[in-house]
Number of protein chains: 2
Amino acid sequence: MQASEAMTFTSHMSLALDAARAAAGRGEVPVGAVIVSPDGHVVAVAGNRTREQNDPTAHAELLAIRAACAALGSQRLGGHAMYVTLEPCAMCAAAVSAARIERLYYGASDPKSGGVAQGARVFSHAQCHHVPQIFDGISARDSEALLKEFFANKRKG
Amino acid sequence: MQASEAMTFTSHMSLALDAARAAAGRGEVPVGAVIVSPDGHVVAVAGNRTREQNDPTAHAELLAIRAACAALGSQRLGGHAMYVTLEPCAMCAAAVSAARIERLYYGASDPKSGGVAQGARVFSHAQCHHVPQIFDGISARDSEALLKEFFANKRKG
């Protein structure tokens, strides 16, 4: 990987972390996602809104995919990259596949609810028709710290 | 199972099949879903709208869950049942779990893209925090016939 590429994906993950922090500020589990076009433009940024929207499907990844598809007028995001602060759950991983996202960068692993490297391992079956390139552990410490702080405050509250 | 219960769930699946037929009429893959409250009222009916809405997440099940949650003002559908004409994919199965749906009735198996009895087997992992009761093969022939007709016509067209 070139240095300039590394800087770019760190800055995209920073945007995702900002969206995660904003989600925490709304009382939502702090997860954020960013979608970047093939030419490097940010086309969608979203944080979790399950509580606010009374919608169990309103995870950061799904909201970002829906926003990017709406902006593009397409149900496919070929060539696009997603940056998300936490390992996607099975629902979100399958949505990444359905949207044909080309590269998936994620932060912290999620042993409790993850569906990429554990559990359902959504991308590891013949029933998954598109598998993105996957890069894990990006800014994982920042993402983990956000989640830990959120749940520690919740227990105190 | 009592005869009256059998009649009820056949009629709910008929509604889901109607929604699947309506989806085919819109040029969408014919899948329909219905959500029924604990006291037996239909709270949401939806068919696939991925093409119309340019949204790869707009599967019948997700649209029905989002509509039912919006109607109830809750992100949980405890005690509710879903009737869907085809085995849910991994995305939709995980959404059924996230919504805490109590009973999942589905029609045809989906060896190509299913995520319940094959592939990701979403409900079969510790990372899945709620497992519904599952009843498969309900009106499966009608559901399969609809799908076969749709794809046969597509190949002709």
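**Close-up views of a predicted two-chain model**

Over all chains, the count comes to 10 salt bridges. The structure is a predicted model, and the legends below treat selected views of its chains A and B in turn.

**Figure 1. Chains A and B are related as by a two-fold rotation axis.** A turn of 180° with a shift of 0.0 Å along the axis lays chain B on chain A, and the RMSD is 0.0 Å. The two copies are therefore related as by a two-fold rotation axis. The same surface serves both copies, since 100% of the contact residues of chain B recur in chain A. Among the residues of chain B, the one that comes closest to the rotation axis is Met91(B), whose C-alpha lies at 1.9 Å.

**Figure 2. Arg49(A) and Glu52(A) form a salt bridge in chain A.** The two side chains meet at a distance of 2.8 Å, N to O. Arg49(A) is partly exposed, with 26% relative accessibility. Glu52(A) likewise counts as partly exposed, at 46% relative accessibility. Both residues belong to a network of salt bridges that also includes Arg26(A).

**Figure 3. Arg49(B) and Glu52(B) form a salt bridge in chain B.** The closest N and O atoms of this pair are 2.8 Å apart. Arg49(B) has a relative accessible area of 26% and is partly exposed. For Glu52(B) the relative accessibility is 46%, so this residue also counts as partly exposed.

**Figure 4. A salt bridge joins Arg66(B) to Asp55(A).** The side chains of the two residues meet at 3.1 Å, N to O. This pair crosses between chains: Arg66(B) lies in helix α3 (residues 60–72) of chain B, and Asp55(A) lies in the loop between β2 and α2 of chain A. The two partners fall into separate accessibility classes. Arg66(B) is partly exposed at 22% relative accessibility, whereas Asp55(A) is buried at 4%. In general, side chains of opposite charge can pair when their charged atoms come close.

**Figure 5. Thr50(A) is in contact with residues of chain A and with Gln75(B).** Thr50(A) is found in the loop between β2 and α2 of chain A. Its relative accessibility is 12%, and Thr50(A) therefore counts as buried. Leaving aside neighbours within four places in sequence, the contacts of Thr50(A) in chain A are Glu28(A), Asp55(A), Pro56(A), Ala58(A) and His59(A). From chain B, Gln75(B) is in contact with Thr50(A). Asp55(A), one of these contacts, is also the salt-bridge partner of Arg66(B).

**Figure 6. Ile35(A) is among the residues with the most contacts inside the largest nonpolar core.** This core has 72 residues. Those with the most contacts inside it are Ile35, Ile65 and Val122, in chain A and in chain B. Not counting residues up to four places away in sequence, Ile35(A) touches His41(A), Val42(A), Val43(A), Ala44(A), Ala64(A), Ile65(A), Ala68(A), Leu77(A), His80(A), Ala81(A), Met82(A) and Ile101(A). In soluble globular proteins, nonpolar side chains tend to be buried together.

**Figure 7. Leu15(A), Val42(A) and Val45(A) make a nonpolar surface patch.** The patch covers about 200 Å². Val45(A) is found in strand β2 (residues 42–47) of chain A. With a relative accessible area of 43%, Val45(A) is partly exposed. Val42(A), a further member of the patch, is also touched by Ile35(A).

Conventions. Residues numbered from 1 in each chain as written. Chains lettered and ligands numbered in written order. Predicted model: local features only at pLDDT ≥ 70, side-chain atom pairs only at ≥ 80, totals over all residues. Heavy atoms only, no water. Least-squares fit on C-alpha atoms with pLDDT ≥ 70 in both. Contact = heavy atoms within 4.5 Å. Patch = residues over 30% accessible without salt bridge, like charges linked within 9 Å, V, L, I, M, F, W, Y side chains within 5 Å. Areas by Shrake-Rupley, 256 points an atom, 1.4 Å probe, with all protein chains shown as cover. Salt bridge = Lys/Arg side-chain N within 4 Å of Asp/Glu carboxyl O. Helix = DSSP H or I, 4+ residues; strand = E, 2+ residues; numbered from the N terminus. Buried < 20%, exposed > 50% of the residue type's maximum accessible area, 1.4 Å probe, protein only. Core = buried A, V, L, I, M, F, W, Y, C linked by side-chain atoms within 4.5 Å.
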